Amino acid sequence: MRHVISVLMANEAGALVRVAGLFSQRGFNIETLNVGPTEDSTMSRLTLVTTGTEGVIEQINRQLLKLVDVIDVLDMTGDEHLECELALIKVERGAAASPVETMAAGFDVRVIGEEDGLTLLRFLGSGDELNRFVAVLEDAGMLIELARSGAVTMTPGLGGLNYRAEDTDAGVESF
């Protein structure tokens, strides 16, 4: 089963390597991985997508919390959450009878540049929507290059990652 896991961790050298190493040591694949700073520059938010049974994912989440750099872990699978992916897509404008704008109808796609007979698009939406849009472009023979961000997630309302170290089991006192 597909799992979306969000991790709040210290924004320090080596933190990402330790998290990724946990997956590597156990032979689990990370389908997408996205890391960026939060509103607090001392912390980063990591979102990853992986597959595994409920038991395996629970074990991984417990082991993630034992890492010194990890402040909180939230498996968003099955919970209400918003998920978004960004992609830059380069297409050949003259390769199909239908214009790019017609193919992009119904998707959050914006033309952000045109050069050398190619069009650069910016896509914003769910991974499933992106897969459908890419399939449309491939069927039309227009797709030249694709760069995807991977999933970025957040829970609506007050739920979500715990930003207060004193409420976590991570033992990190400096935040």
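**Exercise 1. Work out what share of the chain is buried, and how its contacts are spread along the sequence.**

Solution. Start with burial: 38% of the 175 residues are buried, where buried means under 20% relative accessible area with a 1.4 Å probe and protein chains only, exposed means over 50%, and partly exposed is in between. Keep in mind that this is a predicted model, with local features needing pLDDT of at least 70, side-chain atom pairs counting only at pLDDT 80 or more, and totals for chains, interfaces and linings using all residues. Residues are numbered from 1 along each chain as its sequence is written, and side-chain values use heavy atoms, leaving out hydrogens and water.

Next, the contacts (heavy atoms within 4.5 Å). Of those with a separation of 6 or more, 75% join residues 24 or more positions apart.

**Exercise 2. List the secondary structure elements in order.**

Solution. Count first: the chain has four helices and nine strands. These are DSSP runs numbered from the N terminus, with helices being H or I of at least four residues and strands E of at least two. Then read along from the N terminus: β-α-β-β-α-β-β-α-β-β-α-β-β.

**Exercise 3. Check the length of helix 4 and find which side of it is buried.**

Solution. Step one is the span. Helix 4 (residues 127–139) has 13 residues, so at 1.5 Å a residue it should span 18 Å, and its end C-alpha atoms are indeed 18 Å apart. The expected span is 1.5 Å times one less than the number of residues.

Step two is burial: Gly127, Leu130, Phe133, Val134 and Leu137 are the buried ones. They cover an arc of only 120° around the axis, so they sit on the same side of helix 4; the arc is taken from the directions from the axis to the C-beta atoms. On the other side, Asp128 and Asp139 are exposed.

Step three is the cover, which includes strand 5 (82–92), helix 3 (100–103), strand 6 (109–115), strand 7 (118–125) and strand 8 (143–148). Past the helix comes glycine 141, with a positive phi near 70°.

**Exercise 4. Do the same for helix 2.**

Solution. Helix 2 (residues 54–66) also passes: its 13 residues should span 18 Å at 1.5 Å a residue, and the end C-alpha atoms are 19 Å apart, which agrees. Its buried residues are Ile57, Ile60, Asn61, Gln63 and Leu64. Their arc is only 165°, which puts them on the same side of helix 2. Among the elements covering them are strand 1 (2–10) and helix 1 (15–25).
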